[in-house]
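Here are a few notes to go with the structure, written for you to read with the coordinates open. They go point by point, so feel free to skip around.

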Amino acid sequence: VTLYAVEKYIIKPFTKESQCSFVEALPSTAGPQPSRWFVSHWWGEPIKDFIACLEQHNHDFWRNSNAKDHDDRGGGMTIDTPYWICAYAINQWDTEKIAPDPSKSAFAEAMKIAKYRTVSILDKEGVVFNRIWCVYEVYLTLLASKRKKESSSSEWAIYTAHQHQFEYKERKWDQ
């Protein structure tokens, strides 16, 4: 099951009456929940892999409990730590409102709120890095990291539910 199916069979039916985003349609007593991490991914990966990656990410960053590193490194994670995931945060009934200038999009705003802490979900085939939006999101994260003006908390994490092997081949200039 992919996010395409979740959008068709869960998100759209649940929000049909309200015509708002899934997150807005959910009852919450917590009030505003600014995202600690922005999730960059594509809708074609299996949901079970997507969830496994975020569970591992949450577990890994939960350990950052040093007071100084707590926010800078995205630590202090709990089961309730908010992630920004486009399918749930964007109104799927009004996608025409996506800004023509990507720097003014809801995606860019969400990244700014998350202090450019981005977790990329790497699918088995690496399709995520063939998607222009995903590449742009990584670009913004790395740019913020380089500038350090907008956020000293900028961080990029990559997670996958698949085993990937990197094979290094020696080239002439490596010798």
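1. Thr141 is a good place to begin: this residue is buried, with a relative accessible area of 0%, in a model that is predicted. Thr141 sits in helix H7. Setting aside residues up to four places away in sequence, Thr141 touches Met111, Tyr116, Thr118, Ser154, Glu155 and Trp156.

2. Let me set out the overall plan before going further. The protein has seven helices and four strands, and along the sequence they follow the pattern α-α-β-α-α-β-α-α-β-α-β. Of its 175 residues, 39% count as buried. Among contacts with a separation of 6 or more, 75% are accounted for by residues 24 or more positions apart.

3. How do H6 and H7 pack, and at what angle? Helix H6 (residues 106-113) and helix H7 (residues 132-147) meet at about 35°, and their axes are 11 Å apart. The crossing of H6 past H7 is right-handed. On the H6 side the contact is made by Phe107, Ala108 and Met111, and on the H7 side by Trp133, Glu137, Leu140 and Thr141. Sorted by class, that contact comprises five nonpolar residues, one polar and one charged.

4. Next, please look at which residues of H6 are buried. They are Phe107, Ala108, Ala110 and Met111. These residues cover an arc of only 160° around the axis, so they lie on the same side of H6. As general background, an α-helix has 3.6 residues a turn, so residues three or four places apart point the same way. The cover over the buried residues of H6 includes strand S1 (37-40), strand S2 (83-84), helix H5 (86-89), strand S3 (117-122) and H7.

5. Ala110 deserves a separate word. This residue is found in helix H6 and counts as buried because its relative accessibility is 4%, below the 20% cut-off. Leaving aside neighbours within four places in sequence, Ala110 is in contact with Phe38 and Trp84. The C-alpha atoms of Ala110 and Ile85 are separated by 9.3 Å, with the two residues 25 apart along the chain.

6. Now for the nonpolar interior. The largest nonpolar core has 19 residues, of which Leu3, Phe38, Trp84, Cys86 and Phe107 touch the most other members. Helix H1 (3-15), H5, H6 and H7 each supply at least two residues of this core. The largest share, four residues, comes from H6. A second, separate core of 13 residues includes Val39, Phe50, Met77 and Tyr159.

7. What does Phe38 contact, once its neighbours within four places in sequence are left aside? The list is Trp84, Phe107, Ala110, Met111, Ala114, Arg117, Thr118, Val119 and Glu137. Several names here will be familiar from the points above: Phe107, Ala110 and Met111 are among the buried residues of H6, and Glu137 belongs to the H7 side of the contact with H6.

8. I would also draw your eye to the backbone. Most residues other than glycine have a negative phi. Tyr116 has a positive phi, near 60°, in a residue other than glycine. Tyr116 is placed in the loop between H6 and S3, and is buried, with a relative accessible area of 8%. Lys115, which follows H6, also has a positive phi, near 55°.

9. Is Gln19 buried, partly exposed or exposed? With a relative accessible area of 38%, Gln19 is partly exposed. Its phi is positive, about 55°, although Gln19 is not a glycine. Gln19 lies in the loop between H1 and helix H2 (22-25).

10. One last loop residue to check is Thr81, placed between helix H4 (67-72) and S2. Thr81 is buried, with a relative accessible area of 10%. The C-alpha atoms of Thr81 and Gln33 are separated by 8.6 Å, while the residues are 48 apart along the chain.

Definitions and conventions: Residues numbered from 1 in each chain as written. Predicted model: local features only at pLDDT ≥ 70, side-chain atom pairs only at ≥ 80, totals over all residues. Heavy atoms only, no water. Axes fitted to C-alpha atoms, helices over the stretch in contact; angles between N-to-C directions. Left-handed = near helix turned anticlockwise from the far one by under 90°. Contact = heavy atoms within 4.5 Å. Nonpolar A, V, L, I, M, F, W, Y, C, P; charged D, E, K, R; others polar. Buried < 20%, exposed > 50% of the residue type's maximum accessible area, 1.4 Å probe, protein only. Arc of directions from axis to C-beta. Core = buried A, V, L, I, M, F, W, Y, C linked by side-chain atoms within 4.5 Å.
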